[in-house]
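Take a moment to turn the structure around on your screen before reading on. We will walk through it together, from the whole chain down to single residues.

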Amino acid sequence: MKHKITGDIVRWNSSIYEFNHKMRSIKKDEEIELSINSYGGDVFLGIDICNTLRSHEGNVTVIITGIAASAASIMCMGADTVKAYSNSQMMIHNAWTIAIGNAKELRKSADDLDSIGESVVASYTHRIDEDTVKDLLDNETYLSASKAKNHGLIDEIINGNPEEVESEVFQEEAEEFNNRLKPIASTSKDKDPADYEQMFAALKDLLKNESQQNNEPPKPEPTPPAEPKQNMSKLFLNLK
C-alpha cells in the first residue's frame with residue numbers, strides 16, 4: 001500500500017481518514033510506503049499512527065517529502081525504515097498546550113504535559129538514547145536530513161537523482177551487431193556508387209538475418225541515397 005499524509009495531524013484531515021480506511025482492509029503482511037509532509041498536530045493521533053505502523057506485520061517505509069514536525073515526527077518512528085529527501089526536515093519538541101483557569105487548574109495542565117512528555121520521549125527511544133531525545137526536545141530542534149541521520153532518527157537520505165539502470169543484455173547485443181556491421185563499412189572517403197550499393201545490399205542481408213534469428217517480421221530495407229556523400233562511411237561507424 002502506498003499513501004501520503006499531508007497537512008495537520010487531526011482526525012478530520014482527509015489524508016489521515018483515507019489512511020485509516022486503507023488500514024482496515026490491508027493484508028497483514030502487505031508492505032506499506034507512507035509519505036509524510038506535515039507540521040504536526042494532535043500528539044495522541046501521532047502516537048496512534050506510530051503504533052499502528054509499528055504493529056503491522058509487513059515492512060513499513062516512511063518517506064519525509066517536506067517536513068515531519070512534532071506529532072508527524074512521532075508517526076515516523078513507527079516505520080521499519082525512515083527515508084528523507086536531502087532537502088527535507090524533521091522537527092521534534094516537547095508537548096505544549098493552551099491552558100486557561102485558576103492556579104490549581106494551570107498547575108494540573110503542567111503536570112499533564114509532563115506525563116504526555118514521557119509518552120513523547122518513549123516514542124523516540126527505540127532509535128536514540130533518552131538523554132539525546134530529551135535534549136533535542138527541550139531545544140525544539142529542527143534537523144536537516146543529514147543531522148537526523150547522524151542522530152539515528154532516519155535511516156536513508158534520498159538525493160532525488162534518478163537511478164541509471166544499464167542492461168548488460170541489450171548492451172552485449174548492440175556491441176555484437178556493431179561488430180558485425182564494421183566489416184561492411186569502410187573508413188575510405190572516396191567510394192564510388194557501386195561500393196555504396198554493395199554496402200547497402202550487405203546491410204539489408206544483415207538486418208534480414210537478424211529478424212529471422214529473432215523470429216521477428218523483416219525490418220524495413222534501407223534506402224540508398226540518391227547521391228553518395230563523402231561522410232557516408234562515418235554514418236555506419238557511428239551506429240554504436
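The secondary structure of this chain consists of 9 helices and 7 strands. What you see is a predicted model, and its average pLDDT is 83, with 67% of the residues scoring at least 70. Please be careful with residues 228–240, where pLDDT stays under 50. The model does have 22 contacts beyond four places in sequence for this stretch. Still, where pLDDT is low, the predicted coordinates should not be read in detail.

How much of the chain is buried? Of its 240 residues, 35% are buried. On the outside, the chain exposes about 15,300 Å², and carbon and sulfur atoms supply 47% of that area. Now think about which parts of the sequence meet. Among contacts with a separation of 6 or more, 65% are between residues 24 or more positions apart.

Let us go inside next. The largest nonpolar core has 44 residues, and Cys76, Tyr124 and Leu153 have the most contacts inside it. Helix 2 gives this core its largest share, 6 residues. Which residues does Cys76 touch? Leaving out residues up to four places away in sequence, Cys76 touches Ile36, Val62, Ile64, Ala68, Val82 and Met90.

Helix 2 deserves a visit of its own. Its 13 residues, 43–55, should span 18 Å at 1.5 Å a residue, and the C-alpha atoms at its ends are indeed 18 Å apart, so the expected and modelled spans agree. At the N-terminal end, Asp42 acts as a cap: one of its side-chain oxygens lies 2.9 Å from the backbone nitrogen of Phe44.

Which residues of helix 2 are buried? They are Val43, Leu45, Gly46, Ile47, Ile49, Cys50 and Leu53. As you look at their spacing, remember that an α-helix has 3.6 residues a turn, so residues three or four places apart point the same way. The buried residues of helix 2 pack against several elements: strand 1 (2–6), helix 1 (14–23), strand 2 (32–38), strand 3 (60–69), helix 3 (71–76) and helix 4 (103–124).

Strand 3 is our last stop, and Thr61 has its place there. Is Thr61 buried or exposed? Its relative accessible area is 13%, and because buried means under 20%, Thr61 counts as buried. Setting aside residues up to four places away in sequence, Thr61 touches Ile32, Glu33, Leu34, Ala79, Thr81 and Lys83.

Definitions and conventions
Residues are numbered from 1 along each chain as its sequence is written. This is a predicted model: local features need pLDDT of at least 70, side-chain atom pairs count only at pLDDT 80 or more; totals for chains, interfaces and linings use all residues. Side-chain values use heavy atoms; hydrogens and water are left out. Helices (H or I, at least four residues) and strands (E, at least two) are DSSP runs, numbered from the N terminus. The expected span of a helix is 1.5 Å times one less than its number of residues. Buried means under 20% relative accessible area, exposed over 50%, partly exposed in between (1.4 Å probe, protein chains only). Contact means heavy atoms within 4.5 Å. A polar contact is a pair of N or O atoms within 3.5 Å; within protein, one must be able to donate a hydrogen and the other to accept it, and residues adjacent in sequence count only if both atoms are side-chain atoms. A nonpolar core is a set of buried Ala, Val, Leu, Ile, Met, Phe, Trp, Tyr and Cys residues joined through side-chain atoms within 4.5 Å. Accessible areas come from the Shrake-Rupley method with a 1.4 Å probe; for residues, only the protein chains shown count as cover. pLDDT is the predictor's confidence in each residue, from 0 to 100.
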